[in-house]
Each structure stands twice: as structure tokens, then as C-alpha cells.
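Reader: Could you walk me through how a few labels for rings and helices are reached here?
Author: Gladly, let's have the structure in view before we start.

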Amino acid sequence: MATNRKVIITCAVTGAIHTPSMSEHLPLSPTEIAEAALGAAEAGAAIVHLHARDPEDGRPSQDPAHFEPILAQLKAHTDAVVNITTGGSPHMTVQERMRPAAVFKPELASLNMGSMNFGLYPMLDRFAEFRHDWERESLEKSRDLVFKNTFADIEAILAIGAANGTRFEFECYDIAHLNNLAHFASRGLARGPLFVQSVFGLLGGIGAHPEDLMHMRRTADRLLGDSYQWSILGAGRNQIPLATIGAAQGSHVRVGLEDSLWIGPGELAKTNADQVTRIRTVLEALNLEVATPDEAREILQLKGKDQVGF
């Protein structure tokens with residue numbers, strides 16, 4: 001009998017794009033972030049993608065001290081794969097962004113595959129008031145911001161992974177990023193199976209039309225052949241529609257409040273678990289099976305929970 005394909009759900013629980021004033025449901029403190037990640041895992045996320053925030057004002061933080069209590073809770077209470085960001089915030093230096101992955105040696109870390117404009121300033125038109133001065137300042141600065149991910153930066157982060165046995169979620173925001181990934185694969189610095197996270201709908205990257213999705217898929221197939229695992233990240237209202245299209249065509253999926261604050265038109269998601277449950281319903285309606293954490297480890301050839309540094 002034919003077996004159903006296993007689909008990995010990643011949940012990115014807080015991120016650096018959305019600010020505290022945008023949703024009362026956005027996890028900010030270490031306790032809130034840990035609880036959000038545990039809820040997402042219980043709902044079916046095999047991978048939880050982690051950013052941390054300063055509990056004083058909710059600004060993005062790559063201080064390992066802000067990650068430590070989150071990681072301790074996850075290590076104790078879930079088998080989900082922990083994926084630590086090296087993207088951090090576009091306003092940080094690459095050296096800052098590397099710190100948590102270097103210290104904690106996770107099974108998986110994110111890696112942005114090219115420098116890009118990263119425009120968040122249109123969100124200034126959607127929110128009249130902000131609780132903290134840094135929120136408005138951060139959004140306004142994105143009008144004149146290049147998110148720096150040079151070839152040297154990428155090489156440095158890949159070296160951390162090679163030293164620690166950490167594999168990567170390669171975040172590709174545009175076609176050029178796929179070419180960059182193929183370049184590093186050809187040099188033997190990025191090893192298959194390459195976990196390619198195709199990111200759609202961020203201003204400065206590829207758009208969110210279904211044709212954009214198919215262009216990314218065709219290009220990845222041409223450049224990477226059968227050496228990659230494909231996943232879909234749709235920003236904002238594109239989250240569930242693009243994940244659905246991608247899943248129907250062979251992808252894994254990513255949801256979470258880092259990528260979208262919404263669960264439906266005009267309705268804020270109250271938890272990350274709500275979004276995991278929504279995409280799980282879609283996957284099961286497509287007769288696809290949700291991968292367990294151990295199945296995700298097998299698919300992505302990860303080193304195992306007992307090999308991390310936290």
C-alpha cells in the first residue's frame with residue numbers, strides 16, 4: 001500500500017518583525033516564548049524556530065542569556081526540534097546574530113542566504129500608537145536598511161554549523177538566494193539534504209503570488225535537483241494560502257506569529273498553536289501526514305536532541 005507523505009510543520013513563535021504594540025498575543029518574555037513554543041509543539045509542530053526578546057521592552061535580542069531559560073524549558077518538556085535564529089534582527093551585526101547558535105549548538109539554525117532590502121516601514125500606516133519608542137524607530141529605519149548577509153557572513157555561519165554539527169534552515173527570500181545556496185553546495189560548504197525555506201511576501205524579496213511560488217520551485221529544482229527539502233513561508237495574510245499551495249505540490253510548511261499575526265481576515269491569532277492547528281487541518285484534508293519530531297530529524301538528517309549544547 002502507498003504511504004502518505006510526511007510534512008514537517010515549523011512554527012516560528014515570535015521573531016523580530018512584529019513589535020509588542022501590534023498584538024497583545026505576541027510572546028515577549030522568556031516564559032511566554034517557551035509556553036508558545038510548547039503549545040505549538042503539542043499542536044503538531046515538529047520544529048520550533050526561536051528568537052528571543054528583551055523582557056524589559058520586547059525588543060529583539062540575541063543575548064544568549066535571554067535564550068537560556070527558553071531552551072531549558074523546551075529541553076525539559078518537548079521532543080520538538082529547536083531551531084535557533086542566526087537572522088536575529090536586520091538592525092544587528094552579524095557577530096551579534098551568530099552568538100546563540102554558536103553557544104547552544106542546536107540541531108538546526110536558520111541562515112539567510114543573501115543581503116537584501118528589508119522594508120517594514122509600511123506597517124507604520126497600520127498602527128497609530130506604539131508602547132515603546134524603539135518600535136516606531138525600528139520600522140522607520142527599515143526604509144533605508146540593507147539586511148546584510150554577505151558571502152563572508154554566510155561562510156562564517158556555515159563554519160559554526162560544521163564545527164557544532166548544526167544543520168540549517170536556508171531562508172531564501174528571492175531567486176538569487178537559491179543561486180547563492182547552490183554556490184555554497186558546489187563548494188561543499190552546504191550539505192544535503194538542504195532544508196530550503198522559501199520566503200514570500202516581504203518587501204524587498206520575492207512577491208506572494210502563486211506564480212512566484214512556482215518560479216521558486218522550478219528554480220530550486222533546476223539548481224538543487226533532489227538534494228533539498230522544500231518548505232513554504234508566506235508572510236502576513238499569505239501564510240495559510242501559500243502553505244496550502246506548496247503542501248499540495250510537495251513542500252513542508254512554516255507558520256507562527258513571527259511570520260503572521262493573523263488567523264483569518266481581521267482576526268488576530270491568539271496563540272501560535274492556533275496557526276499550527278489551522279495548517280494541520282489543511283494538511284490532513286489533503287491526505288498528508290504531519291511529521292513527528294523524530295521523523296523530521298530523519299528527513300533532515302539532524303544530529304539528535306542529545307547532541308545540543310543546552
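Author: This is a predicted model. Let me begin with two helices: Phe 151, Ile 154, Glu 155 and Leu 158 in α5 meet Asn 180, His 183 and Phe 184 in α6.

Reader: What makes α5 oblique to α6?
Author: The axes of α5 (residues 151-164) and α6 (residues 175-186) cross at roughly 55° and come within 12 Å. Angles under 35 degrees count as roughly parallel and 65 to 115 as roughly perpendicular, with oblique for the rest, so roughly 55° is oblique. The crossing of α5 past α6 is right-handed.

Reader: Nice. Turning to the rings, how many aromatic pairs does a search of the whole structure find?
Author: Six aromatic pairs.

Reader: Why is the pair of Phe 118 and Phe 147 called edge-to-face?
Author: The centres of Phe 118 and Phe 147 are 5.3 Å apart, with 75° between the planes. Pairing needs centres within 6.5 Å, and planes over 60 degrees apart count as edge-to-face, so the label fits. This pair links distant parts of the chain, 29 residues apart: Phe 118 lies in the loop between β8 and α4, Phe 147 in strand β9. Both Phe 118 and Phe 147 are buried, and with Tyr 173 they form one aromatic cluster.

Reader: And what makes Phe 168 and Phe 170 a tilted pair?
Author: Their planes are 45° apart, at 5.9 Å centre to centre. Stacked requires under 30 degrees and edge-to-face over 60, so 45° is tilted. Phe 168 and Phe 170 are buried too.

Reader: How do you know that the charged end of Lys 75 sits over the ring of Phe 310?
Author: The charged end of Lys 75 is 5.6 Å from the ring centre of Phe 310, and the distance cut-off is within 6 Å.

Note on methods: Residues are numbered from 1 along each chain as its sequence is written. This is a predicted model: local features need pLDDT of at least 70, side-chain atom pairs count only at pLDDT 80 or more; totals for chains, interfaces and linings use all residues. Side-chain values use heavy atoms; hydrogens and water are left out. Helices (H or I, at least four residues) and strands (E, at least two) are DSSP runs, numbered from the N terminus. Buried means under 20% relative accessible area, exposed over 50%, partly exposed in between (1.4 Å probe, protein chains only). A charge sits over a ring if NZ of Lys or CZ of Arg is within 6 Å of the ring centre and within 35 degrees of the ring normal. Axes are lines fitted to C-alpha atoms, for helices over the stretch in contact, and angles run from 0 to 180 degrees between N-to-C directions. A crossing is left-handed if the near helix is turned anticlockwise from the far one by less than a right angle, and right-handed if clockwise. Contact means heavy atoms within 4.5 Å.
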